[in-house]
Amino acid sequence: MGCRRLRALAPLLILIALLVALPHAGGLFHAWFPELSHPLYWRTSFVELTLAHAALVGIATLIAVIVGLALGILATREAGRSLLPTVRAVAVIGQTFPPVAVLAIAVPLLGFGAAPTLLALSLYGVLPVLGQTVAGLDQVPASALHAADGMGYGRWRRLWEVELPLAAGPIMAGVRLSAIVSVGTATIGSAVGAATLGAPIVEGLVGNNTAYVVQGALLVGALALSVDGLLGLAEKRIRRHPL
Amino acid sequence: MIEFDHVRKAFGDHVVIEDLSLRVEDGEFFVLVGPSGSGKSTLLRTVNRLVPIDGGRVLVDGQDVATQPIEALRRGIGYAIQSVGLFPHRTVAENIAVVPRLLGWPEAEIDARVAELIALLKLDEPGIAGRYPDTLSGGQAQRVGVARALAARPKIVLMDEPFGALDPLTRESLQASVKQIQRETGTTMLFVTHDMDEAFRLGDRVALMLDGRLAQVGTPLALIRSPADERVNEFVGGTRAYLRELAVRRVRDSMRRDEAAEGDAVSPDATLQDALGVMLAERRERLPVQGGGAILLSDIVVRPR
Amino acid sequence: MGDASRENGTGPVAPRERRRAQSALLQQRLPVVVLCVIGLVAGLALPFLNIAPNRLLSGHASGGQQGVFALLWLVAAAAGGWRGGAVAAVLLALVLPLIAAVDATLLLHHKPPTTRIQLGAGFWVMWLAAALLLLDRLRHVRAGWRAVAWAVVVVSLVVGGWQGVFDDLALVREWQAQRGAFTDALASHVTLSLITLGVALTIGAPLGYLAWRARRAGGTLLSVLAFLQTIPSLALFALLIGPFAWLAREWPALAALGFGGTGAAPAVFALVLYALLPVVRYTVTGLDAVPADTREAARGLGMTRGQLLLRVQLPLGWPVLLAGLRIVAVQTIGLAAVAALIGAGGLGRFVFLGIGQGATDMVLLGTLAIIGLALAADLLFQAMMAATGRRA
């Protein structure tokens, strides 16, 4: 257990170490890429970019969880059952839309900057949460529902105390997937002007500055693995002791 | 002929078969019976090398199975298991034809053999040959499994609790089919079961396995009448073993040829259990036997020596 | 499927029965109501078309047809039953683009030739709502009719486009202006994706078989691949530039083959890395699709490992593998768009060039093509899965 937790948290430690060390690594990158005049990304601090990136992902995931859970619960209630096929179709077909495409569509609507990225992340992030909520609630054993009904649980009480705890594992898996995809898409968001860890990469690609690319890629890779590790721990925990 | 020669098998530290020697004769219906975990299935599976052994030898027709090419060995030995293991994407006919196809039989011969087996195993529902396994009842599926095991006319057939999952009526009918086919074809049968009644009903000889050893080997009557020790006695059924004996013995061996009786005659091939049933139902103490003679209640109750 | 509205209220029925019938009717109509409300709101509140002075400047909304849209959605909401609803949805999906086309022609009158009439958010939301409405109404219609309904929509739009009906819309103008480049980008996108799929299958399927044979090593392999898949695509693409540039420098023969730090080589490499996880995972699942008893029976009857694989495991596991390839195809088509940032070409070039220039129509053209490709791949694999049902 301790070992597994350490493995899940290791990327976070690496991320923090990178954030501390990179601003002082100018000499190293200068030795590595002697042809570059500015081997260290300087426009914005790495900490600032990381926080902005994480905030974007966090807010988007929060919106995705609220909307996805609400829609998923609505579509699996008696009154909303007839919406289930449509909701499921949206979740399945929507996920065939590439994240880049969703991002690109948001630009004409909201212009450049963080806003279209946030919209794209939230819209796209809803789909895995929604899909997994519906799947999770669907696979709650009928016997458990009968038992709850037989013991006189009300509809909402049954949802809260039986269905959601039993579906918590799959739902958490959906949240994790949603957050991971968001980290990746937010990186590309820097191409439409969002201040994220993709900025050094995109700038490096445009300006032929490999050092920037390496710095951005290292940080965003560590961030993605950190998010995956943390949410993975949460998922494992929730699967073991639901709520 | 199957010969186990000082066979030993362990899974890790757990010894499953301990220095076991046994000989199954040609044309014999030999039943390995024992509780679960006694090693009987493992022993069966050493014959077609699904389980490699750690010590000793297993010989089929005098040849060490370990020296034979594994696939050729298996194709020459029929094999049926409790869960049947039919291929879900193949029809009944294709499932039966698996081994003949592997052996490269000509198509016409395969078709003829499949038709023959479908009749032999009473799979005579019209159109069954073209159906898929998931449309079959449990009994039908196992009949197909047995047909598949017999398809290439193997001299030796291994069956691992093939009827364990079936209802009593279906089981009895399949037992009768298998016993009849075995007797008519002279196949050597090695059959594993945990059901004592099944063992006694089918086996020419029975071996009771306990904890990886042979507790006793002999004819059903020998096990019932002279159990080697207390544990064998317990497994054979203690005083209830005498009821089992009635199911093993035949009317012809206990009847009196010089007596006569009133009522419907029983067959001399019927078991004493059948005869006793008729007596109880008709409230008689003696019954006539077809072809002359009679069977008496006292002959059933007092065992002839 | 009968028309539910006809069954309702015929003859004397007990009040409770009637209530139940009404609630069933409401259930049946709920998706229609929800989608029509969405469509109605979009029609009233969001711009249907935008007028831009040229392809690089952003436009302003043109309005005035709110009444028409309100009427359309009310009619759609009122259309009864499954079949009536489906017909209404087909008509909606055709009428909306037609209105846009006619409007565009009228709006362009007496305007400079550089003026662009762009489809606005109102159009897209309404059209999506119409498509979802069609999807919902077709659920209870026979499969044959379902195909006919979709074919009517697609064929009508394509034929209309062919005849020049939509020529005044900015999207079509952009396509006409960039036709050559667009075809090249589409071709290179498809090529990238196909090569990736082929390589991933060639490497991944045997890896999956080995992972299935050796469980423990397989688990390690899967966690390494999952680790790789977590890394954001842009970061992986970018990180490969260095090593690939170095390889090309060290082996000029490779460079002569078009191998370099940027371009298709690192793109395919990264795409294959991403594709391996689903291929390996679904191969393992597919091999597991054969129950252990069946495998043992097959081995006991004397099948070799190869015969078991070819005659039993492959036929039974193939649908699962296809499901994996479907995911890989959709994922690869999406990720290949990002590869444009490292010069691999493809439709992503349209998207990112368009974003750079502020040319909305160019972005939209690339995006719609990518979505279309992904949907087409999805449908293709679904059709293949349906065709290779386990008895094929």
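Two strands count as paired if DSSP finds at least two bridges between them. That rule underlies the sheets described here for chain B of this predicted model.

Start with the sheet that holds strand β3 of chain B. Six strands make up this open, mixed sheet, and they come in the order β6-β7-β8-β3-β9-β10. At its edges stand β6 (77–81) and β10 (213–218) of chain B; each has a single partner strand, so one side of each is left without a neighbour in the sheet. On average, and ignoring direction, neighbouring strands are turned by 15° against each other. Within the sheet, β3 (residues 29–33) and β8 (residues 188–193) of chain B run parallel and are joined by five bridges. Val31(B), for instance, sits opposite Phe191(B) in β8(B). Helix α7 (residues 168–185) of chain B packs on this sheet, where it touches β3, β7 (156–160) and β8 of chain B. The direction of α7 makes about 135° with that of β3(B).

Chain B has another open sheet, this one with four strands in the order β2-β1-β4-β5 and antiparallel pairing. Here the edge positions go to β2 (14–24) and β5 (63–64) of chain B, each with a single partner strand, so one side of each is left without a neighbour in the sheet. Strand β1 (residues 2–11) of chain B pairs with β2(B) in the antiparallel sense, over seven bridges. One of the pairings puts Val7(B) against Leu20(B), its bridge partner in β2(B). Lying across β1, β2 and β4 (55–60) of chain B is helix α1 (residues 40–47), which runs at about 120° to β1(B).

Stepping back to the whole of chain B, the chain is divided into domain 1 (2–245) and domain 2 (250–301). The C-alpha centres of these two domains of chain B lie 34 Å apart. An unreviewed UniProt entry lists residues 2–236 of chain B as "domain: ABC transporter". That span is 38% helix and 26% strand, and its end C-alpha atoms lie 25 Å apart.

Chain C also has two domains, with domain 1 covering 4–169 and domain 2 covering 179–387. Their C-alpha centres lie 36 Å apart. Contact between them involves five residues of domain 1 of chain C and eight residues of domain 2 of chain C. About 530 Å² is buried between the two domains of chain C, and carbon and sulfur atoms give 46% of it. On the domain 1 side, Arg55(C), Leu56(C) and Trp124(C) lose the most area to domain 2 of chain C, together 70% of what that side buries. One salt bridge is found across this domain interface of chain C. Chain C also contains a salt bridge between Arg116(C) and Asp361(C), with the closest N and O atoms 3.4 Å apart.

Now for how the chains meet. Two pairs of chains touch, and the most contacts are between chains A and C. This contact takes 41 residues from chain A and 37 residues from chain C. Chains A and C bury about 3100 Å² between them, with 84% of it on carbon and sulfur atoms. Ser82(A), Thr96(A) and Leu205(A) supply 16% of the area that chain A buries against chain C, more than any other three residues. As for salt bridges, zero are found across the interface of chain A and chain C.

Between chains B and C, 23 residues of chain B are in contact with 18 residues of chain C. The buried area here is about 2000 Å², with carbon and sulfur atoms giving 59%. Phe87(B), His89(B) and Leu102(B) are the residues of chain B that lose the most area to chain C, together 27% of what that side buries. Two salt bridges are counted between chain B and chain C. Arg45(B) and Glu296(C) meet in a salt bridge through their side chains, at 2.4 Å from N to O. Chains A and B, by contrast, do not touch, and their nearest C-alpha atoms are 24 Å apart.

Over all chains, a search of the whole structure turns up 39 salt bridges. Among them is the pair Asp138(A) and Arg88(A), whose closest N and O atoms are 2.7 Å apart. This pair links distant parts of the chain, 50 residues apart: Asp138(A) belongs to helix α6 (residues 114–138) of chain A, and Arg88(A) to helix α4 (residues 84–96) of chain A.

Terms used: Residues numbered from 1 in each chain as written. Chains lettered and ligands numbered in written order. Predicted model: local features only at pLDDT ≥ 70, side-chain atom pairs only at ≥ 80, totals over all residues. Heavy atoms only, no water. UniProt positions renumbered as here; feature names shortened; annotations may be inferred. Helix = DSSP H or I, 4+ residues; strand = E, 2+ residues; numbered from the N terminus. Axes fitted to C-alpha atoms, helices over the stretch in contact; angles between N-to-C directions. Contact = heavy atoms within 4.5 Å. Domains from an automatic or database assignment. Buried area = accessible area lost by both parts, 1.4 Å probe. Salt bridge = Lys/Arg side-chain N within 4 Å of Asp/Glu carboxyl O.
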